[in-house]
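Q: Please take a close look at the ligand site in this structure, and then set that site in the context of the rest of the chain.

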Amino acid sequence: MPKEKISISVVKRLPRYRRYLGELLKENIAKISSKELAEMMNLTASQIRQDLNCFGGFGQQGYGYNVKDLYDEIGKILGLDKKYKTILIGAGNLGRALTLHFDFEDAGFELIGVFDANYKEIGDICGIKVYNMEELEKFCEINHPTVAILCIPKCNAKEVADLLIKCGIKGFWNFSQKEFALDNSDVAVENVHLSDSMMTLSYHVSEIISKNSETDK
Ligand code: NAI
């Protein structure tokens, strides 16, 4: 089935399926039914079947899903088998934390360099070289990175993104708080706001508290 027919809400659920399947693989579990997977993931079995049917379905009646095959297939659908060369812009608190602690390899990315406009920051982070921004164009000409992670202040984000597009970048993981949609359909942007997730948590916590206070009355 062509990719454009897959709804974005299904695509957004795929990393979670893959994460759970990865856990099953670590436990040497070879097959799982949609009912069991649904129970683990707090979804319904029909939701799982419906999602996976978007890609042609991977299960067999009476057998369930082969965990390894499904894990690999979802990885392929997400493009994780391609190992995109990635650069990170902004070696401050957030950029350093991601470079040090985020498992790029597992997510299908290869971090090949970090860039910062500030000369004082130049060096390396855990073996990944930090370059000055002046070296960006040359670096891209030689190494052809596909993805850029923006960990810079929002005032500089669009200007830096435009330069990166000229350098061949096809996708942004954008933490800069400057939410931009590009006119260019050949470039993808995933705007990330950790605060959105905290606010969703806040909503659920306030629901629980108000439900408890209702039952206490
Ligand atoms: P920071 O001030 O520690 O680091 C920013 C780094 O960017 C500095 O090293 C600076 O030299 C560099 N920089 C500035 N302009 C640049 C440019 N034009 N080119 C290359 N490098 C440049 O800031 P921090 O704490 O690391 O945060 C970075 C950004 O991420 C901020 O905009 C912050 O608001 C945002 N942020 C976003 C989060 C989210 O959930 N989306 C969570 C936390 C921070």
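A: The ligand is surrounded by 23 residues, of which the closest are Leu94, Asp116, Asn156, Val192 and Leu194, a residue being counted when one of its heavy atoms lies within 4 Å of the ligand. This is a predicted model, in which local features need pLDDT of at least 70 and side-chain atom pairs count only at pLDDT 80 or more, while totals for chains, interfaces and linings use all residues. Residues are numbered from 1 along each chain as its sequence is written, and side-chain values use heavy atoms, with hydrogens and water left out.

Polar contacts, meaning here pairs of N or O atoms within 3.5 Å, reach oxygen of the ligand from both side chain and backbone: a polar side-chain atom of Asp116 lies 2.6 Å from a ligand oxygen, a backbone N or O atom of Leu94 lies 2.7 Å from one, and a backbone N or O atom of Ile152 lies 3.1 Å from one. On its own the ligand has 860 Å² of accessible area, and the protein covers 73% of this, areas being computed by the Shrake-Rupley method with a 1.4 Å probe. The elements that contribute two or more residues to the surrounding shell are α5 (93-101) and α8 (154-166), with α8 giving the most, 3 residues; helices (H or I, at least four residues) are DSSP runs numbered from the N terminus, as are strands (E, at least two).

Helix α8 also holds a salt bridge, between the side chains of Lys158 and Asp162 at 2.9 Å, N to O, where the term requires a side-chain nitrogen of Lys or Arg within 4 Å of a carboxyl oxygen of Asp or Glu. Because Lys158 and Asp162 are 4 residues apart in α8, about one helical turn separates them. Lys158 is partly exposed at 33% relative accessible area, and Asp162 is likewise partly exposed at 32%, on a scale where buried means under 20%, exposed over 50% and partly exposed in between (1.4 Å probe, protein chains only).

Across the whole structure a search finds 8 salt bridges. One of them joins Glu190 to Lys12, with the closest N and O atoms 3.8 Å apart; since Glu190 lies in strand β9 (residues 188-191) and Lys12 in helix α1, this pair ties together parts that are 178 residues apart in sequence. Helix α1 (residues 8-26) also contains Arg18, which is buried yet has no salt bridge, the nearest side chain of opposite charge being that of Asp106, 4.5 Å away.

Note on methods. Lys and Arg count as positive and Asp and Glu as negative; His and the chain ends are not counted. A polar contact is a pair of N or O atoms within 3.5 Å; within protein, one must be able to donate a hydrogen and the other to accept it, and residues adjacent in sequence count only if both atoms are side-chain atoms.
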